[in-house]
Amino acid sequence: MTHHPDRETLQRFVAGEQSSGEAQQTDRHLSLCTECRDRADEISARLTLRLLDSWLNPGYDEVFERAVERVTERLACFAEDPRSTEGLLAELLQEPASHRHHRIRSEERFHSLKLCQLLQTRCREAWASAPAAALELADLAVEVSRHLDAGRYGSSVVEDARALAWSYLGNAFRISSDCWRAEHALHRAWCHHLQAGQDAYTETELLNFTSSLRRYQRRYQEAVQLSDRAIAIYREGQDGHLEGSALILKGLTLGQEGRARAAIPVLRAGLDRIDRQRDSRLVFAGSHNLIGFIAQGGAPERARQLLEQNRHLRQDLGRMDLARVDWLEGKIANELGQFAEAKEALHGAHESFLDLQVGAEVVLTSLDLAVAYSLSGEHRQAKDVLRESIPLGEALGLAKEVCLSRLMYEQASR
(Lines give C-alpha, C1' and ligand atoms only; values in the text may rest on other atoms or scores of the structure.)
Protein backbone atom coordinates (compact mmCIF):
# COMPACT_ATOMS: atom_id res chain seq x y z
CA MET A 1 0.00 0.00 0.00
CA THR A 2 1.79 3.13 -1.23
CA HIS A 3 -1.04 5.65 -0.49
CA HIS A 4 -2.71 6.55 2.79
CA PRO A 5 -5.91 4.56 3.43
CA ASP A 6 -9.10 6.62 3.51
CA ARG A 7 -11.40 6.79 6.52
CA GLU A 8 -13.75 4.08 5.23
CA THR A 9 -10.80 1.67 4.78
CA LEU A 10 -9.60 2.35 8.33
CA GLN A 11 -13.12 1.85 9.70
CA ARG A 12 -13.42 -1.56 8.02
CA PHE A 13 -9.94 -2.50 9.33
CA VAL A 14 -10.78 -1.51 12.92
CA ALA A 15 -14.12 -3.32 12.72
CA GLY A 16 -12.44 -6.49 11.42
CA GLU A 17 -14.39 -6.40 8.15
CA GLN A 18 -11.47 -6.46 5.69
CA SER A 19 -10.28 -9.59 3.92
CA SER A 20 -7.03 -11.13 5.15
CA GLY A 21 -5.07 -9.65 2.25
CA GLU A 22 -6.50 -6.16 2.74
CA ALA A 23 -5.93 -6.34 6.49
CA GLN A 24 -2.29 -7.29 5.96
CA GLN A 25 -1.74 -4.32 3.65
CA THR A 26 -3.45 -1.90 6.01
CA ASP A 27 -1.61 -3.30 9.03
CA ARG A 28 1.74 -3.00 7.24
CA HIS A 29 1.01 0.66 6.41
CA LEU A 30 -0.04 1.45 9.99
CA SER A 31 3.18 -0.04 11.31
CA LEU A 32 5.10 2.60 9.35
CA CYS A 33 2.76 5.63 9.32
CA THR A 34 2.10 7.28 12.69
CA GLU A 35 -0.45 9.70 11.19
CA CYS A 36 -2.70 6.90 9.92
CA ARG A 37 -2.17 4.91 13.11
CA ASP A 38 -3.45 7.88 15.13
CA ARG A 39 -6.52 8.11 12.84
CA ALA A 40 -7.16 4.39 13.30
CA ASP A 41 -6.90 4.76 17.09
CA GLU A 42 -9.41 7.63 16.98
CA ILE A 43 -11.85 5.53 14.92
CA SER A 44 -11.38 2.61 17.30
CA ALA A 45 -12.21 4.83 20.27
CA ARG A 46 -15.34 6.19 18.55
CA LEU A 47 -16.55 2.69 17.71
CA THR A 48 -16.04 1.63 21.30
CA LEU A 49 -18.08 4.58 22.58
CA ARG A 50 -20.78 3.84 20.02
CA LEU A 51 -20.97 0.23 21.20
CA LEU A 52 -21.22 1.32 24.84
CA ASP A 53 -23.93 3.78 23.94
CA SER A 54 -25.88 1.06 22.13
CA TRP A 55 -26.24 -0.85 25.39
CA LEU A 56 -28.78 1.80 26.46
CA ASN A 57 -30.83 1.48 23.25
CA PRO A 58 -33.32 -1.16 22.03
CA GLY A 59 -30.91 -2.22 19.27
CA TYR A 60 -28.27 -3.27 21.80
CA ASP A 61 -28.71 -7.04 21.40
CA GLU A 62 -28.13 -7.04 17.65
CA VAL A 63 -25.08 -4.78 17.82
CA PHE A 64 -23.55 -6.73 20.71
CA GLU A 65 -24.12 -10.08 19.01
CA ARG A 66 -22.31 -8.88 15.87
CA ALA A 67 -19.37 -7.71 17.99
CA VAL A 68 -19.26 -11.00 19.88
CA GLU A 69 -19.29 -12.93 16.59
CA ARG A 70 -16.21 -11.04 15.39
CA VAL A 71 -14.40 -11.62 18.69
CA THR A 72 -15.35 -15.31 18.68
CA GLU A 73 -13.99 -15.73 15.17
CA ARG A 74 -10.71 -14.08 16.20
CA LEU A 75 -10.38 -16.24 19.33
CA ALA A 76 -11.14 -19.40 17.34
CA CYS A 77 -7.89 -18.85 15.45
CA PHE A 78 -5.98 -19.44 18.69
CA ALA A 79 -7.88 -22.59 19.61
CA GLU A 80 -6.11 -24.75 17.07
CA ASP A 81 -6.15 -28.47 17.89
CA PRO A 82 -2.74 -29.36 19.41
CA ARG A 83 -2.96 -32.81 17.81
CA SER A 84 -3.36 -31.30 14.36
CA THR A 85 -0.39 -29.01 15.07
CA GLU A 86 1.75 -32.00 16.05
CA GLY A 87 0.64 -33.66 12.80
CA LEU A 88 1.64 -30.59 10.80
CA LEU A 89 5.07 -30.58 12.40
CA ALA A 90 5.57 -34.30 11.80
CA GLU A 91 4.56 -33.88 8.16
CA LEU A 92 6.92 -30.94 7.73
CA LEU A 93 9.89 -32.75 9.28
CA GLN A 94 9.33 -35.79 7.07
CA GLU A 95 10.23 -33.61 4.09
CA PRO A 96 13.88 -33.29 3.03
CA ALA A 97 15.39 -30.24 4.72
CA SER A 98 15.73 -28.47 1.37
CA HIS A 99 11.94 -28.69 0.74
CA ARG A 100 10.62 -27.54 4.10
CA HIS A 101 10.74 -23.79 3.48
CA HIS A 102 8.92 -24.23 0.18
CA ARG A 103 6.14 -26.19 1.88
CA ILE A 104 5.72 -23.46 4.48
CA ARG A 105 5.63 -20.70 1.87
CA SER A 106 3.28 -22.43 -0.52
CA GLU A 107 0.71 -24.04 1.81
CA GLU A 108 -1.47 -21.82 3.97
CA ARG A 109 -2.17 -24.56 6.52
CA PHE A 110 1.44 -24.17 7.72
CA HIS A 111 0.81 -20.47 8.46
CA SER A 112 -0.16 -21.38 12.01
CA LEU A 113 0.68 -19.58 15.25
CA LYS A 114 0.52 -22.88 17.16
CA LEU A 115 2.98 -24.45 14.72
CA CYS A 116 5.37 -21.52 15.22
CA GLN A 117 5.14 -21.95 19.00
CA LEU A 118 5.58 -25.72 18.79
CA LEU A 119 8.72 -25.29 16.69
CA GLN A 120 10.12 -22.97 19.37
CA THR A 121 9.32 -25.51 22.10
CA ARG A 122 11.09 -28.27 20.16
CA CYS A 123 14.02 -25.93 19.55
CA ARG A 124 14.40 -25.25 23.28
CA GLU A 125 14.27 -28.98 24.01
CA ALA A 126 17.06 -29.61 21.46
CA TRP A 127 19.52 -26.95 22.69
CA ALA A 128 21.18 -29.30 25.17
CA SER A 129 21.13 -32.46 23.06
CA ALA A 130 21.23 -31.56 19.35
CA PRO A 131 22.32 -27.96 18.65
CA ALA A 132 22.24 -28.46 14.86
CA ALA A 133 18.63 -29.70 15.04
CA ALA A 134 17.75 -26.75 17.31
CA LEU A 135 19.10 -24.39 14.68
CA GLU A 136 16.99 -26.01 11.95
CA LEU A 137 13.84 -25.88 14.12
CA ALA A 138 14.40 -22.21 14.98
CA ASP A 139 14.92 -21.40 11.31
CA LEU A 140 11.60 -23.08 10.46
CA ALA A 141 9.86 -21.12 13.25
CA VAL A 142 11.11 -17.88 11.69
CA GLU A 143 9.82 -18.98 8.27
CA VAL A 144 6.39 -19.80 9.70
CA SER A 145 6.30 -16.46 11.55
CA ARG A 146 6.93 -14.61 8.27
CA HIS A 147 3.65 -15.95 6.89
CA LEU A 148 1.37 -15.47 9.90
CA ASP A 149 -1.73 -13.52 8.92
CA ALA A 150 -2.16 -10.25 10.80
CA GLY A 151 -5.81 -10.19 9.72
CA ARG A 152 -6.32 -13.52 11.45
CA TYR A 153 -4.28 -13.13 14.62
CA GLY A 154 -3.83 -9.37 14.98
CA SER A 155 -0.68 -7.38 14.27
CA SER A 156 0.59 -7.35 17.87
CA VAL A 157 0.35 -11.13 18.21
CA VAL A 158 2.07 -11.66 14.86
CA GLU A 159 4.90 -9.24 15.65
CA ASP A 160 5.37 -10.84 19.05
CA ALA A 161 5.56 -14.30 17.46
CA ARG A 162 8.18 -13.02 15.02
CA ALA A 163 10.18 -11.48 17.85
CA LEU A 164 10.27 -14.77 19.74
CA ALA A 165 11.07 -16.82 16.63
CA TRP A 166 14.02 -14.59 15.72
CA SER A 167 15.23 -14.62 19.35
CA TYR A 168 15.25 -18.44 19.38
CA LEU A 169 17.17 -18.44 16.12
CA GLY A 170 19.67 -15.98 17.62
CA ASN A 171 20.22 -18.18 20.66
CA ALA A 172 20.59 -21.27 18.47
CA PHE A 173 23.28 -19.47 16.45
CA ARG A 174 25.07 -18.51 19.69
CA ILE A 175 25.06 -22.11 20.89
CA SER A 176 26.58 -23.06 17.52
CA SER A 177 29.33 -20.43 18.04
CA ASP A 178 28.08 -18.21 15.19
CA CYS A 179 28.22 -14.78 16.82
CA TRP A 180 27.66 -12.73 13.68
CA ARG A 181 24.41 -14.45 12.75
CA ALA A 182 23.30 -14.51 16.39
CA GLU A 183 23.74 -10.73 16.56
CA HIS A 184 21.78 -10.23 13.35
CA ALA A 185 18.92 -12.48 14.45
CA LEU A 186 18.60 -10.82 17.87
CA HIS A 187 18.57 -7.39 16.21
CA ARG A 188 15.62 -8.55 14.10
CA ALA A 189 13.95 -9.90 17.23
CA TRP A 190 14.22 -6.57 19.05
CA CYS A 191 12.81 -4.72 16.01
CA HIS A 192 9.73 -6.96 15.93
CA HIS A 193 9.38 -6.65 19.70
CA LEU A 194 9.20 -2.86 19.45
CA GLN A 195 6.49 -3.12 16.79
CA ALA A 196 4.52 -5.66 18.85
CA GLY A 197 3.95 -3.36 21.80
CA GLN A 198 6.75 -4.73 24.00
CA ASP A 199 5.19 -7.70 25.81
CA ALA A 200 6.96 -8.19 29.16
CA TYR A 201 7.48 -11.95 28.76
CA THR A 202 8.99 -11.51 25.30
CA GLU A 203 11.20 -8.69 26.55
CA THR A 204 12.67 -10.86 29.31
CA GLU A 205 13.35 -13.67 26.81
CA LEU A 206 15.17 -11.20 24.59
CA LEU A 207 17.09 -9.79 27.54
CA ASN A 208 18.24 -13.27 28.57
CA PHE A 209 19.25 -14.34 25.05
CA THR A 210 21.08 -11.06 24.42
CA SER A 211 22.81 -11.34 27.79
CA SER A 212 23.99 -14.85 26.86
CA LEU A 213 25.39 -13.55 23.58
CA ARG A 214 27.18 -10.66 25.31
CA ARG A 215 28.73 -13.15 27.75
CA TYR A 216 29.93 -15.25 24.82
CA GLN A 217 31.38 -12.06 23.27
CA ARG A 218 33.22 -11.32 26.55
CA ARG A 219 31.14 -8.13 26.97
CA TYR A 220 30.50 -9.01 30.59
CA GLN A 221 29.35 -5.64 31.92
CA GLU A 222 26.62 -5.41 29.28
CA ALA A 223 25.60 -9.02 29.97
CA VAL A 224 25.19 -8.31 33.70
CA GLN A 225 23.18 -5.15 33.02
CA LEU A 226 20.81 -7.05 30.72
CA SER A 227 20.37 -9.79 33.34
CA ASP A 228 19.63 -7.15 35.99
CA ARG A 229 16.87 -5.70 33.80
CA ALA A 230 15.31 -9.14 33.39
CA ILE A 231 15.58 -9.80 37.15
CA ALA A 232 13.81 -6.50 37.89
CA ILE A 233 10.92 -7.35 35.53
CA TYR A 234 10.49 -10.83 37.02
CA ARG A 235 10.63 -9.41 40.54
CA GLU A 236 8.01 -6.79 39.70
CA GLY A 237 5.81 -9.55 38.26
CA GLN A 238 6.45 -11.71 41.36
CA ASP A 239 7.69 -14.66 39.31
CA GLY A 240 10.26 -16.16 41.65
CA HIS A 241 11.14 -19.09 39.39
CA LEU A 242 12.05 -16.95 36.39
CA GLU A 243 13.81 -14.46 38.66
CA GLY A 244 15.92 -17.36 39.91
CA SER A 245 16.65 -18.40 36.32
CA ALA A 246 17.88 -14.90 35.50
CA LEU A 247 20.02 -14.85 38.66
CA ILE A 248 21.65 -18.10 37.57
CA LEU A 249 22.43 -16.52 34.19
CA LYS A 250 23.93 -13.48 35.94
CA GLY A 251 26.02 -15.73 38.20
CA LEU A 252 27.39 -17.57 35.18
CA THR A 253 28.42 -14.25 33.64
CA LEU A 254 30.17 -13.07 36.80
CA GLY A 255 32.05 -16.37 37.08
CA GLN A 256 33.20 -16.37 33.48
CA GLU A 257 34.43 -12.81 33.95
CA GLY A 258 36.76 -14.20 36.61
CA ARG A 259 34.68 -13.04 39.60
CA ALA A 260 34.04 -16.47 41.11
CA ARG A 261 33.54 -15.17 44.64
CA ALA A 262 30.85 -12.73 43.44
CA ALA A 263 29.21 -15.43 41.29
CA ILE A 264 28.75 -18.00 44.08
CA PRO A 265 26.17 -16.10 46.24
CA VAL A 266 24.25 -15.02 43.12
CA LEU A 267 24.01 -18.62 41.92
CA ARG A 268 22.92 -19.77 45.36
CA ALA A 269 20.23 -17.07 45.44
CA GLY A 270 19.02 -18.22 42.03
CA LEU A 271 18.85 -21.87 43.11
CA ASP A 272 16.89 -20.84 46.24
CA ARG A 273 14.23 -19.08 44.12
CA ILE A 274 13.59 -21.59 41.35
CA ASP A 275 10.89 -24.25 41.48
CA ARG A 276 12.97 -27.42 41.37
CA GLN A 277 10.04 -29.54 40.21
CA ARG A 278 9.37 -27.23 37.27
CA ASP A 279 12.69 -27.38 35.44
CA SER A 280 15.22 -30.06 36.38
CA ARG A 281 17.70 -28.88 33.76
CA LEU A 282 17.77 -25.40 35.31
CA VAL A 283 18.57 -27.00 38.68
CA PHE A 284 21.42 -28.85 36.99
CA ALA A 285 22.72 -25.72 35.24
CA GLY A 286 22.73 -23.66 38.42
CA SER A 287 24.33 -26.41 40.52
CA HIS A 288 26.86 -27.30 37.82
CA ASN A 289 28.10 -23.73 37.47
CA LEU A 290 28.15 -23.20 41.23
CA ILE A 291 30.41 -26.26 41.62
CA GLY A 292 32.64 -25.06 38.81
CA PHE A 293 33.19 -21.68 40.42
CA ILE A 294 33.81 -23.23 43.83
CA ALA A 295 36.60 -25.25 42.19
CA GLN A 296 37.87 -22.16 40.38
CA GLY A 297 37.82 -20.24 43.67
CA GLY A 298 40.41 -22.57 45.18
CA ALA A 299 38.36 -25.41 46.70
CA PRO A 300 38.58 -28.28 44.16
CA GLU A 301 38.16 -31.00 46.81
CA ARG A 302 34.93 -29.41 48.04
CA ALA A 303 33.81 -29.08 44.42
CA ARG A 304 34.39 -32.79 43.81
CA GLN A 305 32.32 -33.68 46.88
CA LEU A 306 29.46 -31.51 45.64
CA LEU A 307 29.75 -33.06 42.18
CA GLU A 308 29.22 -36.50 43.71
CA GLN A 309 26.34 -35.29 45.88
CA ASN A 310 24.61 -33.87 42.78
CA ARG A 311 25.11 -36.94 40.60
CA HIS A 312 21.32 -37.56 40.65
CA LEU A 313 20.83 -34.36 38.64
CA ARG A 314 22.40 -36.05 35.59
CA GLN A 315 19.32 -38.14 34.88
CA ASP A 316 17.70 -37.38 31.53
CA LEU A 317 20.38 -34.84 30.57
CA GLY A 318 21.10 -34.15 26.91
CA ARG A 319 24.47 -34.92 25.37
CA MET A 320 25.62 -31.29 25.63
CA ASP A 321 25.05 -31.24 29.40
CA LEU A 322 26.68 -34.64 29.89
CA ALA A 323 29.73 -33.35 28.01
CA ARG A 324 29.79 -30.35 30.35
CA VAL A 325 29.83 -32.75 33.32
CA ASP A 326 32.85 -34.56 31.84
CA TRP A 327 34.50 -31.20 31.23
CA LEU A 328 33.97 -30.09 34.83
CA GLU A 329 35.24 -33.41 36.18
CA GLY A 330 38.36 -33.02 34.04
CA LYS A 331 38.97 -29.46 35.23
CA ILE A 332 38.60 -30.49 38.88
CA ALA A 333 40.94 -33.46 38.36
CA ASN A 334 43.49 -31.06 36.82
CA GLU A 335 43.26 -28.85 39.92
CA LEU A 336 43.82 -31.90 42.15
CA GLY A 337 46.83 -33.06 40.11
CA GLN A 338 45.06 -36.25 38.95
CA PHE A 339 46.10 -35.92 35.33
CA ALA A 340 45.23 -39.40 34.05
CA GLU A 341 41.66 -38.95 35.27
CA ALA A 342 41.61 -35.40 33.89
CA LYS A 343 42.74 -36.50 30.41
CA GLU A 344 40.11 -39.24 30.25
CA ALA A 345 37.25 -36.92 31.21
CA LEU A 346 38.43 -34.06 28.98
CA HIS A 347 38.88 -36.37 26.00
CA GLY A 348 35.28 -37.50 26.39
CA ALA A 349 34.01 -33.92 26.60
CA HIS A 350 36.16 -32.84 23.65
CA GLU A 351 34.84 -35.63 21.40
CA SER A 352 31.25 -34.89 22.34
CA PHE A 353 31.66 -31.19 21.60
CA LEU A 354 33.22 -32.05 18.24
CA ASP A 355 30.27 -34.27 17.35
CA LEU A 356 27.81 -31.60 18.49
CA GLN A 357 29.64 -28.99 16.36
CA VAL A 358 29.94 -26.40 19.14
CA GLY A 359 33.24 -24.76 18.28
CA ALA A 360 33.84 -22.59 21.33
CA GLU A 361 33.57 -25.55 23.69
CA VAL A 362 35.98 -27.53 21.47
CA VAL A 363 38.60 -24.77 21.79
CA LEU A 364 38.13 -24.40 25.56
CA THR A 365 38.34 -28.13 26.30
CA SER A 366 41.43 -28.32 24.07
CA LEU A 367 43.11 -25.76 26.32
CA ASP A 368 42.27 -27.75 29.46
CA LEU A 369 43.41 -30.99 27.81
CA ALA A 370 46.68 -29.36 26.78
CA VAL A 371 47.20 -28.28 30.39
CA ALA A 372 46.73 -31.88 31.57
CA TYR A 373 49.23 -33.17 29.01
CA SER A 374 51.79 -30.46 29.79
CA LEU A 375 51.59 -30.95 33.55
CA SER A 376 52.06 -34.71 33.13
CA GLY A 377 55.11 -34.12 30.91
CA GLU A 378 53.48 -35.15 27.60
CA HIS A 379 54.47 -32.06 25.64
CA ARG A 380 54.11 -33.56 22.15
CA GLN A 381 50.49 -34.53 22.85
CA ALA A 382 49.84 -31.04 24.19
CA LYS A 383 51.21 -29.51 20.98
CA ASP A 384 49.06 -31.84 18.84
CA VAL A 385 45.89 -30.76 20.64
CA LEU A 386 46.76 -27.07 20.40
CA ARG A 387 47.80 -27.29 16.75
CA GLU A 388 44.31 -28.51 15.87
CA SER A 389 42.40 -26.02 18.02
CA ILE A 390 44.24 -22.77 17.20
CA PRO A 391 42.81 -22.42 13.62
CA LEU A 392 39.30 -23.07 14.95
CA GLY A 393 39.73 -20.46 17.67
CA GLU A 394 40.95 -17.94 15.08
CA ALA A 395 37.95 -18.68 12.83
CA LEU A 396 35.57 -18.13 15.75
CA GLY A 397 37.25 -14.90 16.85
CA LEU A 398 38.29 -16.27 20.27
CA ALA A 399 41.28 -13.96 20.60
CA LYS A 400 42.00 -14.60 24.28
CA GLU A 401 41.89 -18.40 23.88
CA VAL A 402 44.06 -18.29 20.75
CA CYS A 403 46.65 -16.16 22.56
CA LEU A 404 46.75 -18.61 25.49
CA SER A 405 46.97 -21.56 23.09
CA ARG A 406 49.93 -20.05 21.22
CA LEU A 407 51.70 -19.29 24.49
CA MET A 408 51.19 -22.86 25.70
CA TYR A 409 52.35 -24.21 22.33
CA GLU A 410 55.61 -22.23 22.57
CA GLN A 411 56.20 -23.46 26.13
CA ALA A 412 55.58 -27.07 25.07
CA SER A 413 58.11 -26.69 22.24
CA ARG A 414 61.00 -25.80 24.56
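Glutamine 357 is exposed in this predicted model, because its relative accessible area of 58% is over the 50% that marks an exposed residue. The residue belongs to a protein chain of 414 residues, of which 48% are buried, and the secondary structure of that chain comes to 22 helices and zero strands. The points below begin with the loops, and then turn to the chain as a whole, its cores, two buried helix residues and a cavity.

**Two loop residues with positive phi**

- Glutamine 357 sits in the loop that runs between α19 (339–356) and α20 (359–375), and its phi is positive, at about 60°, although the residue is not a glycine.
- Arginine 218, which is not a glycine either, has a positive phi of about 65°, and its place is in the loop between α12 (200–216) and α13 (220–236).
- Arginine 218 counts as partly exposed because its relative accessible area is 32%, a value that falls between the limits of 20% for buried and 50% for exposed.

**The chain as a whole**

- Among the contacts in the protein chain with a separation of 6 or more, 62% are made by residues that stand 24 or more positions apart.
- The surface that the protein chain exposes comes to about 21,200 Å², and carbon and sulfur atoms supply 50% of that area.

**Nonpolar cores**

- In soluble globular proteins, nonpolar side chains tend to be buried together.
- The largest nonpolar core in this model has 65 residues, and the members that touch the most other members are Leu119, Trp127 and Phe353.
- Helix α10 (residues 155–175) gives the most to this core, contributing nine residues.
- Tryptophan 127, when its neighbours within four places in sequence are left aside, is in contact with Ala134, Tyr168, Asn171, Ala172, Ile175, Phe209 and Met320.
- A second core, separate from the one around tryptophan 127, consists of 35 residues, and its members include Leu226, Ala246, Val266 and Val283.

**Two buried residues in helices**

- Aspartate 160 is placed in helix α10, and it counts as buried because its relative accessibility is 17%, which is under the 20% limit.
- Not counting residues up to four places away in sequence, aspartate 160 touches Ala196, Asp199 and Thr202.
- Aspartate 160 and glutamate 203 are separated by 43 residues in sequence, while their C-alpha atoms are 9.7 Å apart in space.
- Histidine 101 is part of helix α6 (residues 97–106), and with a relative accessibility of 18% it is therefore buried as well, again by the 20% limit.
- Once residues up to four places away in sequence are set aside, histidine 101 touches Asp139, Leu140 and Glu143.
- One of these partners, leucine 140, lies 39 residues from histidine 101 in sequence, and the distance from C-alpha to C-alpha is 7.1 Å.

**The cavity**

- A search of the whole structure finds one cavity of 30 Å³ or more, and the volume of the largest cavity is about 60 Å³.
- The residues that line the largest cavity are Phe284, Ser287, His288, Ile291, Leu307, Asn310, Leu313 and Arg314.
- Helix α16 (residues 280–296) supplies the largest share of this lining, with four residues.
- Sorted by class, the lining of the largest cavity is made up of four nonpolar residues, three polar residues and one charged residue.

Conventions: Residues are numbered from 1 along each chain as its sequence is written. This is a predicted model: local features need pLDDT of at least 70, side-chain atom pairs count only at pLDDT 80 or more; totals for chains, interfaces and linings use all residues. Side-chain values use heavy atoms; hydrogens and water are left out. A nonpolar core is a set of buried Ala, Val, Leu, Ile, Met, Phe, Trp, Tyr and Cys residues joined through side-chain atoms within 4.5 Å. Buried means under 20% relative accessible area, exposed over 50%, partly exposed in between (1.4 Å probe, protein chains only). Contact means heavy atoms within 4.5 Å. Accessible areas come from the Shrake-Rupley method with a 1.4 Å probe; for residues, only the protein chains shown count as cover. On a 1 Å grid over the protein atoms alone, a cavity is a set of points where a 1.4 Å probe fits but cannot get out, and a pocket is an open set with protein on both sides within 12 Å along at least five of seven lines; lining residues have an atom within 4 Å of a point. Grid points are joined across faces, edges and corners, and a volume is the space filled by probe spheres set on the points. Ala, Val, Leu, Ile, Met, Phe, Trp, Tyr, Cys and Pro count as nonpolar, Asp, Glu, Lys and Arg as charged, and the others, Gly among them, as polar.
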